[in-house]
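Here are some notes to read alongside the structure, for anyone opening it for the first time. Have a look at it first, then go through the points in order.

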Amino acid sequence: MKIAILSRAPQAYSTQRLRTAAAQRGHEVKVLNTLRFAIDLAGEAPDLAYRGRRLSDYDAILPRIGSSITYFGTAVVRQFEQMDVYTPNTSNGIANARDKLRATQILSRHGIALPPTAFVRNRADVRPAIESVGGAPVVIKLLEGTQGIGVILAPQVKVAEAIIETLHSTKQNVLIQKFISESRGRDIRALVVGDRVVAAMRRTAQGDEFRSNVHRGGSVEAVELDEEYQRTAVRAAQIMGLRVAGVDMLEGVDGPLVMEVNSSPGLQGIEAATKLDVAGAIIDHIANQVAFPEIDVRQRLAVSTGYGVAELLVHNGAGVVGQTLGEAGLWERDITVLTLHRGTTVIPNPRKHVILEGEDRLLCFGKLEEMRSMIPERRRRARVRKLPKEPIPKDIGADD
Ligand code: ADP
Ligand code: MG
C-alpha cells in the first residue's frame, strides 16, 4: 500500500519507527507535514494539495495530529476521509478525544467507568461541584491539556476554588475530578490497535508527583492486563472512533477508571517498556484494513430510503422472552438481526434458534417504520414542545 504519515515531527521517535515499520514491510511510505496541506473545495470532487502541488493517490493515512493544530489537522483528515482514503482514526474521533469534557461525556454515556467528574462555569456552582465528586483533595484539569500539563491536585476546597476561579477569569474551562488516591501516582497505558490491546505498561510518578506522565518523569514497566482492563481499553477506543489509541486508566478499587483516550499515542515509552513492535502492529492493522475495508454500516445502509439500523431492546417480561429469534417474527417484518448484545457478550449474526432473554439488545437492519414501533420509549422522547404562552424575552447574544 501507499501510506502517508501526517506529522510535523519527522525526526520524532514515533514517526521514525512508523516509517521504518512500513518500509520494512514493503509499503511505500511518506511523512507529510500536516500544516503544508491545502484543502481544495473548488472542484467537483474533494481534493488536496501538498506544498502547492496536487497530492498523489494514497491508500491510507496515519494521522499524528498534535494538540496545537487540532482544528486544521482534523480538517485535513476529514478531507482524506471524503476522498475515501483509509484512516484508522477519524477526524471526529480525534476531535472528540482531544477535548477532555467531550470525551468524558461520550464515554460515560456508553457505560465506561470514569473518575467522578463535574463541569461548571458559575462561581456559585464550584463548591457544590467539588463536594459532588467527593471533596478535597480534588483534581482540576484544563480541557485541552496533554503530557500532564494543566492537571493540578488541589489539597483543600478553598485552594481548589481559588484555582478554578483564576482559570475561569482567564477564560479557561476546567474539569473537576475526584482524586483517585488508591492509584497512588500510578496509571495504566494500554495501546489499542484495531480491536485488541497490543501492548500495555504501568507508569509510576516520580517522587511526590501524582502525575505519572512520561513527560513528567514517570517511569514505565510492562504489564500483562487482565480481561477487564483489556476489554475496557478496547471499548473506550472503539466508542471514541479510534482504531489506534493510547487509553489511560487508573487502577480504582473496583477496577479500571478511564481517564482519557489519546489519538496520537507516543511509542517510545511503550516500546521501551514492553520490547514489542507496536509500530509494526499499527502498520499491519492499516494494511489489513486497506485490503479489506470495514464500512460504517449505519452510514451506508441508511441511504436507502426508509431503511436503517436501530437497536431494539427486549424488555423483561415481554412476550418474546423465551421465544427463539425465528419465532419472534422479525424476518417476516423485513428486519434482519445483525448482532445480539447480552450483558457484555456480543453474538454476531445470531441464528434463528437463539432463545431471547430479557434485556437482550438486538442491533437490526430493516424498515425504520417497522422498527420504530418496537423501539424503547426512552429513545423516542425527543418531542418538540409547544412554546409557552407568556411573552418571550428578547434574545441576548443570539447567533443571528
Ligand atoms: P494529560 O492529558 O495531561 O496526560 P491526564 O488526565 O491523563 O492528562 O492526567 C495526567 C496524569 O495525572 C495521569 O496520568 C495520572 O497519573 C494523574 N491523574 C489524572 N487524573 C487523576 C485522578 N482523577 N486521580 C488520580 N490521578 C490522576
Ligand atoms: Mg494522559
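The points below go from the overall layout to the ligand and then to a couple of backbone details.

1. Before anything else, keep in mind that this is a predicted model. The domain assignment splits the protein into four pieces: domain 1 (2-97), domain 2 (116-179), domain 3 (185-287) and domain 4 (294-372). If you want a sense of scale, the centres of domain 2 and domain 4, taken over C-alpha atoms, are 43 Å apart.

2. Now find ligand 1. Its space is the largest cavity. Around the ligand you'll count 23 residues, and the closest are Lys-100, Lys-141, Gly-148, Asp-187 and Ser-212. By type, the shell comes out as 8 nonpolar, 7 polar and 8 charged residues.

3. Where does the shell come from? Domain 2 (116-179) and domain 3 (185-287) each give at least three residues to it. As for strands, β8 (138-142), β10 (174-178), β14 (244-252) and β15 (255-262) each put in at least two.

4. Three polar contacts are worth zooming in on. Ser-212 has a polar side-chain atom 2.7 Å from an oxygen atom of ligand 1. Glu-260 does something similar, with a polar side-chain atom 2.8 Å from an oxygen of the ligand. Ile-180 uses its backbone instead: an N or O atom there sits 2.9 Å from a ligand nitrogen. On its own, ligand 1 has 550 Å² of accessible area, and the protein covers 99% of that.

5. Next, two backbone oddities, and why flag them? Because most residues other than glycine have a negative phi, and most peptide bonds are trans. The peptide bond between Ala-136 and Pro-137 is cis, with omega at about -5°. You'll find Pro-137 in the loop that runs between α5 (126-132) and β8.

6. The other one is Gln-147, which isn't a glycine yet has a positive phi of about 55°. Look for Gln-147 in the loop between β8 and β9 (151-154). While you're there, check Gly-148 too, one of the residues closest to ligand 1.

Note on methods. Residues numbered from 1 in each chain as written. Chains lettered and ligands numbered in written order. Predicted model: local features only at pLDDT ≥ 70, side-chain atom pairs only at ≥ 80, totals over all residues. Heavy atoms only, no water. Near = heavy atom within 4 Å. Polar contact = N/O pair within 3.5 Å; in protein donor to acceptor, adjacent residues only side chain to side chain. Areas by Shrake-Rupley, 256 points an atom, 1.4 Å probe, with all protein chains shown as cover. 1 Å grid on protein atoms, 1.4 Å probe; cavity = no way out; pocket = protein on both sides within 12 Å on 5 of 7 lines; lining within 4 Å. Sits in = over half its atoms within 2 Å of the grid points. Helix = DSSP H or I, 4+ residues; strand = E, 2+ residues; numbered from the N terminus. Nonpolar A, V, L, I, M, F, W, Y, C, P; charged D, E, K, R; others polar. Domains from an automatic or database assignment.
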